[in-house]
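User: Please take a close look at one part of this model, the aromatic rings and how they are placed, and then set that part in the context of the rest of the chain. I am in my first year, so please explain each term when you use it.

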Amino acid sequence: MEKSDAHHKTSNGVSGGDATEKWEDGSTGLRTTETMLRLAPVGLCIAALVIMLKNSQDNEFGSISYANLSAFRYLVHANGICAGYSLLTAVIAAMPGSSSTMPRVWTFFCLDQILTYLVLAAGAVSTEVLYLAYKGDDAITWSDACSSFGSFCHRATASVIITFVVVCLYVVLSLISSYKLFTRFDPPAIADSNKNVEVAVFGS
């Protein structure tokens, strides 16, 4: 019986190793795609960040800068964090065997979700501010600002559009990290209900 169990464990170990090797071999193309997708947001985030950082305008109506609006400051910070994270994870993803451990795959999965929502929130709140700047709000007699600061609004719009492109890339990255996690590793084992389990009953 012990020999049979040992043989069964050995067989499982060999088959598990073969499955891992096959998965790693088949993941070469996926790793290259993921690395490129992680590098792409670096340049886009920096472009959106720089455009917004330099976004200010002075004219006869007054002066305005991105720093006057908390939504645009948040956009700058979110893009900066995203650029740094994208570069770091691109380097890690390019390494062979980078997807071989469960903690690393789980880390990528969780952080990709967080970054996606972080950048999405930055783009969404900035879009709301831009809408009010272009359209105004008649209910509170708030006139549009873009008629007076057109150049400022155009640059802010460009930065927000680039940010939403980054969001699209991170949606794809989130799908890839989800695929790698749920196809690479088995779900948690469930205890066999047929096994006898002794339960202590107090007062019996």
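Analyst: Helices (H or I, at least four residues) and strands (E, at least two) are DSSP runs, and they are numbered from the N terminus. The model is predicted, so local features are reported at a pLDDT of at least 70 and side-chain atom pairs at 80 or more, whereas totals for chains, interfaces and linings use all residues. Residues are numbered from 1 along each chain as its sequence is written, and side-chain values use heavy atoms, with hydrogens and water left out.

With these terms in hand, the chain can be described as having five helices and two strands, and reading along the sequence gives the pattern α-α-β-β-α-α-α.

Now to the rings themselves. A search of the whole structure finds four aromatic pairs, where a pair means that rings of Phe, Tyr or Trp (its six-membered ring) have centres within 6.5 Å, with planes under 30 degrees apart called stacked, over 60 edge-to-face and the rest tilted. One of these pairs is formed by Tyr 85 and Tyr 170, whose ring centres are 6.3 Å apart and whose planes make an angle of 35°, a tilted arrangement. This pair links distant parts of the chain, since Tyr 85 belongs to helix 3 (residues 70-94) while Tyr 170 belongs to helix 5 (residues 150-184), with their positions 85 residues apart in the numbering. Tyr 85 and Tyr 170 are both buried, a word that stands here for under 20% relative accessible area, with exposed meaning over 50% and partly exposed in between (1.4 Å probe, protein chains only).

A further pair consists of Trp 106 and Phe 109, and because their ring centres are 5.7 Å apart with the planes at 85°, this pair is edge-to-face. Both Trp 106 and Phe 109 lie in helix 4 (residues 102-135), three residues apart, which is about one turn of the helix. Their surroundings can be compared with the cut-offs above: Trp 106 is partly exposed, since its relative accessible area is 37%, whereas Phe 109, at 16%, counts as buried. Ring pairs also bring in Phe 182, so that Trp 106, Phe 109 and Phe 182 are linked into a cluster.

It helps to place these rings against the chain as a whole, in which 34% of the 204 residues count as buried. Contacts, meaning heavy atoms within 4.5 Å, can be sorted by how far apart the residues are in sequence: of those with a separation of 6 or more, 80% involve residues 24 or more positions apart. Leu 69, in the loop between strand 2 and helix 3, gives an example on the scale of one residue. Leaving aside its neighbours within four places in sequence, Leu 69 is in contact with Val 129 and Phe 152; Leu 69 and Val 129 are 60 residues apart in sequence, and their C-alpha atoms are 8.6 Å apart. Leu 69 itself is partly exposed, with a relative accessible area of 27%.

The helices that carry these rings also meet helix 2. Helix 3, helix 4 and helix 5 are included in what covers the buried residues of helix 2, and among those buried residues are Arg 31, Leu 37, Val 42, Leu 49 and Met 52.

Two other features complete the setting. Strand 1 (residues 56-59) and strand 2 (residues 62-65) run antiparallel and are joined by four bridges, where two strands count as paired if DSSP finds at least two bridges between them. A hairpin connects strand 1 to strand 2 through two residues, and Asn 59 has Gly 62 of strand 2 as its bridge partner.

Finally, the search finds one disulfide in the whole structure, defined as a pair of cysteine sulfur atoms within 2.5 Å. The disulfide is formed by Cys 146 and Cys 153, with their sulfur atoms 1.9 Å apart, and because the torsion about this S-S bond is about -90°, the disulfide is left-handed. Cys 146 and Cys 153 are both buried, while Cys 110 is partly exposed at 37% relative accessible area and Cys 168 is exposed at 51%.
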